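Work through the exercises below with the sequence and the coordinates open beside you. Each task is followed by a solution that proceeds step by step.

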Amino acid sequence: MKYPYRPYPLNRVDPVTKLDYAWRPALKVFLWYQHRKSAPIESILDTGADHCVFDAEIGDELGIPVTKGAPVAFTGIGSGETTGFLHNVTLTLAAQTFQAPIVFAYGISTTGILGQTGFFEHFVATFDWTPNPPCFDIQRIQRN
Amino acid sequence: MMSAEERVRILREAKPNSWIAFSEDESKVVAYGDHYSEVVRAAESAGEKEPVIVKIPETWASKIFQYAP
């Protein structure tokens, strides 16, 4: 199944695209923890992210003891280090449900990130900028 | 689903560091809140069973490595 990219505002016009918004690949993700389910969380596919990262407020609401998880320090380009906390939760996305290690961090600038460990290790992803807006496709990797 | 222009306008005008809930079909906004729990409850109170939740960042800067704080 193909999913359209979603538009996000930019605080200034991009000098290359000449647009004041950016197209980003996003999926609705449900997080489950001990039979409690989140609302659908709009989450960005980020091939440069080592882990899946979600705002810790979501973990709090699910009853996850966020700060008791193993600490994971991470950073983006040109910014300071942030510490998140690792927990194994169940994800449902694109009609697939699976267990994944998720880093929950307070005060991050996004709702959720789907990164290499926990997401791309389970899916073949194809990003297609042929149509406008762009779209992407993910296929679950079948392992024995 | 609303137009890209409408969605961008709504996200841009939302309060920084807050949360927003769209209807399941993403045709309209159903709730705003300062916290995830608040926006989910407000959306449910508005009759939306599966609101799509988006966090509004401090700034809408271009992203390189999304999780940069």
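**Exercise 1.** Locate A:K28 in the secondary structure of this predicted model, decide whether A:K28 is buried, partly exposed or exposed, and list the residues that A:K28 is in contact with beyond its sequence neighbours.

Solution. Begin with the element: A:K28 belongs to strand β4 of chain A, which spans residues 26–33. Next, count the C-beta neighbours inside 10 Å; there are 19 of them, and because a residue is buried only from 20 upwards, A:K28 is classed as partly exposed. Then set aside the neighbours within four places in sequence, which leaves contacts with A:P40, A:I41, A:E42 and A:L93 in chain A, together with B:V52 in chain B. As a final distance check, take A:S109, which lies 81 residues from A:K28 along the chain; the C-alpha atoms of the two are separated by 17 Å.

**Exercise 2.** Describe the fold of chain A in terms of its elements, and explain why chain A can be called as compact as a globular protein of its length.

Solution. Counting elements gives one helix and 13 strands, and reading them in sequence order gives β-β-β-β-β-β-β-α-β-β-β-β-β-β. The radius of gyration of chain A is 16 Å, whereas the globule rule gives 15 Å for 144 residues; the two values are close, so chain A is as compact as a globular protein of that length. Along the principal axes, the C-alpha atoms fill a box of roughly 45 × 40 × 25 Å. Buried residues account for 39% of the 144 residues, and, of the contacts between residues at least 6 apart in sequence, 49% join residues at least 24 apart.

**Exercise 3.** Examine strand β7 of chain A and determine which residues are buried on each of its sides, and which strands β7(A) is joined to by bridges.

Solution. Strand β7 of chain A covers residues 52–55, with A:C52 and A:F54 on one side and A:V53 and A:D55 on the other. In a regular strand, side chains alternate between the two faces of the sheet. Here both faces are covered, and the four residues are all buried. For the pairing, β7(A) runs parallel to β10(A), with four bridges between them, and antiparallel to β11(A) (residues 112–114), with two bridges. A:F54 stands opposite A:F104 in β10(A) and also opposite A:G112 in β11(A).

**Exercise 4.** Establish which residues of helix α1 of chain B are buried, where they fall around the helix axis, and what chain B gives to its contact with chain A.

Solution. In α1(B), residues 4–13, the buried residues are B:R7, B:V8 and B:L11. Seen down the axis they fall within an arc of 95 degrees, so they line one face of the helix. B:E5 and B:E13, on the other side, are exposed. Among the elements that cover the buried residues are β2 (6–9) and β3 (21–24) of chain A. Turning to the contact as a whole, 27 residues come from chain B and 36 from chain A. On the chain B side, the elements giving two or more residues are α1, α2 (36–45) and β3 (52–55), and α1(B) gives the most, with five residues. By type, that side divides into 17 nonpolar, five polar and five charged residues.

**Exercise 5.** Identify which residues of the largest nonpolar core touch the most other members.

Solution. The core holds 49 residues, of which A:C52, B:A21, B:V39 and B:I53 touch the most other members. Strand β10 of chain A (residues 96–105) gives the most to this core, with five residues.

Note on methods:
Residues numbered from 1 in each chain as written. Chains lettered and ligands numbered in written order. Predicted model: local features only at pLDDT ≥ 70, side-chain atom pairs only at ≥ 80, totals over all residues. Rg over C-alpha atoms; globule rule 2.2 N^0.38 Å. Buried ≥ 20, exposed ≤ 12 C-beta atoms within 10 Å, placed from the backbone. Contact = placed C-beta atoms within 7 Å. Arc of directions from axis to C-beta. Nonpolar A, V, L, I, M, F, W, Y, C, P; charged D, E, K, R; others polar. Core = buried A, V, L, I, M, F, W, Y, C linked by C-beta atoms within 7 Å. Pairing = 2+ DSSP bridges.
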